[in-house]
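Student: Before I rely on the labels in a structural description, I would like to see how each one is earned. Could we go through them together?

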Amino acid sequence: MITASLVKELREKTGAGMMDCKKALTETDGDLEKAVDWLREKGIAKAAKKAGRIAAEGLSRVAVEGNTAVIFEVNSETDFVAKNDQFLDLLETLKNAFLQAKPATLEEALQVSVNGASVESLITDATATIGEKITLRRIETVTKADDEVFGAYMHMGGKISALSVLKGGNEEVAKDVAMQIASMAPKYISQSDVPQADMDHEREVQMEIMKNDPKMAGKPEKVLENILNGKITKTFKDYCLNDQEFFKNPDLKVSQYVKENKASVVSFVRFAVGEGIEKKEDNFIEEVMSQAFGK
């Protein structure tokens, strides 16, 4: 059965219309990922945007001290609480504790001691006093070598946090790269980092798109192969940091910018608050879909 929530999720991923999403799910027996591909192949959705809408509230933080950096996310139920002084004080306390303890996992982070109490206890107490469920959702601790540089950036007070690690360069260049990561949300450093399975999947999708394009009919096999490879490269260009246009100068790729500054990107981390968490909303569109397709 094709539910309203499934149709809604597909609409958010692809931007396609309600009825197109319903048809895509029907054609693919309710398989969400196959439905995304079906819409793309029919030219109804241009790309598979898997990040989805940011649903949960809260803030993220990124901080650097010496050769250690931490980036973490704390969720609340409402944006109002995320602006609460007590919530902000909690984030500051956690930031300082994590920089000192350098936890490797979320489980370790929850057990970090702060003035004799665990982080888990602090969060439980904050939930009780603030009146909303507070959770430490994720954390990553990053260490660098002496010849590497951290770049840290927070957007909208921590709705998005980004951390870059560059070999060579300086803090200004590294921060520029972190700002690029925050704004353009790359998934990989370069196309060589893209898993082969993802490449193969994109090849299949693009082949179907070309089959449905009358302009491709009659073209020689070699020409079609070159067009196909070009389409695959173009698709992953937006997802690869080095291939993206540099936000301060679109005439440069990020790879060119860092190279001009005698640097290269080693790694990066980006947290957008609530990404991947589904938010249950009671709105007019969902009510209409529920009536049309069942709950």
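Tutor: The turns below take up burial, ring pairs, charges over rings, cores and strand pairing in what is a predicted model.

Student: What makes Phe246 buried?

Tutor: Its relative accessible area is 4%, and buried means under 20%, so Phe246 counts as buried. Tyr257 is buried as well.

Student: Why is Phe247 called partly exposed?

Tutor: Phe247 has a relative accessibility of 34%; because buried requires under 20% and exposed over 50%, the value for Phe247 lies in between and the residue is partly exposed.

Student: Why is the pair of Phe246 and Phe247 called edge-to-face?

Tutor: The ring centres of Phe246 and Phe247 are 5.2 Å apart, which satisfies the limit of within 6.5 Å for a pair, and the planes stand at 75°, which is over the 60 degrees needed for edge-to-face.

Student: Why, then, is the pair of Phe246 and Tyr257 called stacked?

Tutor: Here the centres are 4.0 Å apart and the planes meet at 15°, and since planes under 30 degrees apart count as stacked, the pair of Phe246 and Tyr257 is stacked. Phe246 belongs to strand E8 (residues 245-246) and Tyr257 to helix H11 (residues 254-260), so this pair ties together parts that are eleven residues apart in sequence. Phe246, Phe247 and Tyr257 form one aromatic cluster, and the model has three aromatic pairs in total.

Student: How do you know that the charged end of Arg138 sits over the ring of Phe271?

Tutor: The charged end of Arg138 is 4.0 Å from the centre of the Phe271 ring, which meets the distance part of the rule, within 6 Å, and the pair is listed as sitting over the ring. The charged end of Lys187 likewise sits over the ring of Tyr239, at 4.7 Å from its centre.

Student: What makes strand E1 largely enclosed by the rest of the structure?

Tutor: Strand E1 (residues 57-65) has nine residues, and seven of them are buried, so the strand is largely enclosed. E1 pairs with strand E2 (residues 68-76) in the antiparallel sense over nine bridges, and one bridge joins Arg61 to Phe72 in E2. The two strands form a hairpin with two residues between them, where Gly66 in the turn has a positive phi of about 65°.

Student: Which residues touch the most other members of the largest nonpolar core?

Tutor: That core has 25 residues, and those with the most contacts to other members are Phe72, Val74, Phe87, Phe98, Val119, Ile134 and Leu136. Helix H5 (85-101) is one of the elements that supply at least two residues, and H5 gives the most, with seven. Beyond four places in sequence, Phe98 touches residues including Val70, Phe72, Val119 and Leu136. A second, separate core of 21 residues includes Leu166, Val173, Ala178 and Ile181.

Student: Why are E6 and E10 called edge strands?

Tutor: The open sheet runs in the order E6-E7-E10 with antiparallel pairing, and because pairing requires at least two bridges, the term rests on partners: strand E6 (148-155) and strand E10 (263-272) each pair on one side only. The twist averages 15° from one strand to the next. Strand E7 (residues 160-168) pairs with E10 over nine bridges, one of them between Val165 and Ser267. Helix H8 (residues 171-184) packs on this sheet, touching E6, E7 and E10, and its direction makes about 45° with that of E6.

Terms used:
Residues numbered from 1 in each chain as written. Predicted model: local features only at pLDDT ≥ 70, side-chain atom pairs only at ≥ 80, totals over all residues. Heavy atoms only, no water. Helix = DSSP H or I, 4+ residues; strand = E, 2+ residues; numbered from the N terminus. Axes fitted to C-alpha atoms, helices over the stretch in contact; angles between N-to-C directions. Contact = heavy atoms within 4.5 Å. Buried < 20%, exposed > 50% of the residue type's maximum accessible area, 1.4 Å probe, protein only. Core = buried A, V, L, I, M, F, W, Y, C linked by side-chain atoms within 4.5 Å. Phe/Tyr/Trp six-rings, centres within 6.5 Å; stacked < 30°, edge-to-face > 60°. Lys NZ or Arg CZ within 6 Å of the ring centre and 35° of its normal.
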